Amino acid sequence: MSKVVWKPGTLLSPLPAVMVSCGTMEKPNIITIAWTGIVNSDPAMTYISVRKERFSHSLIQQSGEFVINLTTAALIRATDLCGVKSGRDTDKFSLAKLTPEPASMLSCPMIAQSPLSLECRVTQVLPLGSHDMFLAKIEAVDVDESLLDEKGKLHLSRCGLLSYSHGEYFAQGRRLGSFGCSVRKKTPGSKGRPGKR
């Protein structure tokens, strides 16, 4: 495979397209973020990277709290809208027809229409250049009951999660396998297909 060398760039894809809610229940705000991920498992920690000039940056810096709300194909318009409008002069919840709901551990709101929300408390702010990275401890995870089976197992594949890749949104595709499928022994009737065990 022949490759062309480009200058350094932000071409890690796909990324989650999440709506981050912040502010208060009385004055809530949303910012759409693609630069997020998990950085630690015990304690559970995540991050978001936000440009200093964004309205949400000061809200999160002042409160030390935010909620990462996962998005779905049904939320694509709201997700995009909250990424192109500013909370300085726009009520994004109202504009995007979203509902703020109280978080269990924080004073900032969650988004009721999101299938899964991560309540986050900032532990450190790292100035990186164009963006500040807000490292945060995940204080609680709020899950839509419709995504749980009778045994309480989570099935995020039921909601059609949204991702972002090089300026475009995509819905989560078909399942190709599960963790460990490359080393798992075949079971009778599996026909060797990954993820069918």
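Visitor: Let me start with one residue. Is glutamate 65 buried or exposed?

Guide: Keep in mind that this is a predicted model. Buried means under 20% relative accessible area. Glutamate 65 comes out at 9% relative accessibility, so glutamate 65 counts as buried.

Visitor: Which residue forms a salt bridge with glutamate 65?

Guide: Here you look for a side-chain nitrogen of Lys or Arg within 4 Å of a carboxyl oxygen of Asp or Glu. For glutamate 65 the partner is arginine 121, with the closest N and O atoms 3.2 Å apart. Glutamate 65 sits in strand S6 (residues 65-69) and arginine 121 in strand S9 (residues 116-127), so this pair ties together parts that are 56 residues apart in sequence. Arginine 121 is partly exposed, at a relative accessible area of 30%.

Visitor: What else does arginine 121 meet in a salt bridge?

Guide: The side chain of glutamate 139 meets arginine 121 too, at 3.2 Å from N to O. That pair links strand S10, where glutamate 139 lies, with strand S9, home of arginine 121, and the two residues are 18 apart in the chain. Glutamate 139 has 25% relative accessibility, so glutamate 139 counts as partly exposed. Put the pieces together and you get a network of salt bridges linking Glu65, Arg121 and Glu139.

Visitor: How many salt bridges does the count come to?

Guide: The count comes to three. Another of them is between aspartate 132 and lysine 52, whose side chains meet at 3.1 Å, N to O. This pair also links distant parts of the chain: aspartate 132 is in strand S10, lysine 52 is in the loop between S5 and H1, and they are 80 residues apart. Aspartate 132 is buried, with a relative accessible area of 5%, whereas lysine 52 is partly exposed at 40%.

Visitor: Now for empty space. What is the idea behind looking for pockets?

Guide: Rolling a probe the size of a water molecule over the atoms shows where empty space is left. In this model, the largest pocket has a volume of about 670 Å³. It is lined by 33 residues, and the closest to its centre are Thr32, Ile33, Ala34, Arg54 and Gly83. Strand S3 (28-33), strand S5 (44-51), helix H1 (55-63) and helix H2 (76-84) are the elements that give two or more residues to this lining.

Visitor: Which element gives the most to the lining of the largest pocket?

Guide: That would be S3, with five residues. Sorted by class, the lining of the largest pocket holds 15 nonpolar, 12 polar and six charged residues.

Visitor: And how much space lies in the second largest pocket?

Guide: About 160 Å³. Its lining includes Pro14, Leu15, Pro16, Leu161 and Gln172. Strand S1 (15-16) and S11 each supply at least two residues of that lining. By class, the second largest pocket is lined by eight nonpolar, three polar and no charged residues.

Visitor: Proline 14 is in that list. What joins serine 13 and proline 14?

Guide: First the general rule: most residues other than glycine have a negative phi, and most peptide bonds are trans. Serine 13 and proline 14 are joined by a cis peptide bond, with omega about -5 degrees. Proline 14 has its place in the segment before S1. The bond from aspartate 42 to proline 43 is cis as well, with omega near 5 degrees, and proline 43 is in the loop between strand S4 (36-41) and S5.

Visitor: Where can I look for a positive phi in a residue other than glycine?

Guide: Try lysine 97, with phi near 55 degrees, in the loop between helix H3 (92-95) and strand S7 (100-102). Lysine 97 counts as exposed because its relative accessibility is 69%. Histidine 166 also has a positive phi, near 50 degrees. Histidine 166 is in the loop between S11 and strand S12 (168-171), and at 63% relative accessibility it counts as exposed.

Visitor: Last one: which residues form a nonpolar patch on the surface?

Guide: Val141, Val143, Leu148 and Leu154 do, with about 270 Å² of accessible area together. Leucine 154 lies in the loop between strand S10 (131-143) and strand S11 (162-165), and leucine 154 counts as partly exposed at 35% relative accessibility.

Key. Residues are numbered from 1 along each chain as its sequence is written. This is a predicted model: local features need pLDDT of at least 70, side-chain atom pairs count only at pLDDT 80 or more; totals for chains, interfaces and linings use all residues. Side-chain values use heavy atoms; hydrogens and water are left out. Patches are made of residues with over 30% relative accessible area and no salt bridge: like charges are joined within 9 Å, nonpolar side chains (Val, Leu, Ile, Met, Phe, Trp, Tyr) within 5 Å. Accessible areas come from the Shrake-Rupley method with a 1.4 Å probe; for residues, only the protein chains shown count as cover. Helices (H or I, at least four residues) and strands (E, at least two) are DSSP runs, numbered from the N terminus. Buried means under 20% relative accessible area, exposed over 50%, partly exposed in between (1.4 Å probe, protein chains only). On a 1 Å grid over the protein atoms alone, a cavity is a set of points where a 1.4 Å probe fits but cannot get out, and a pocket is an open set with protein on both sides within 12 Å along at least five of seven lines; lining residues have an atom within 4 Å of a point. Grid points are joined across faces, edges and corners, and a volume is the space filled by probe spheres set on the points. Ala, Val, Leu, Ile, Met, Phe, Trp, Tyr, Cys and Pro count as nonpolar, Asp, Glu, Lys and Arg as charged, and the others, Gly among them, as polar.
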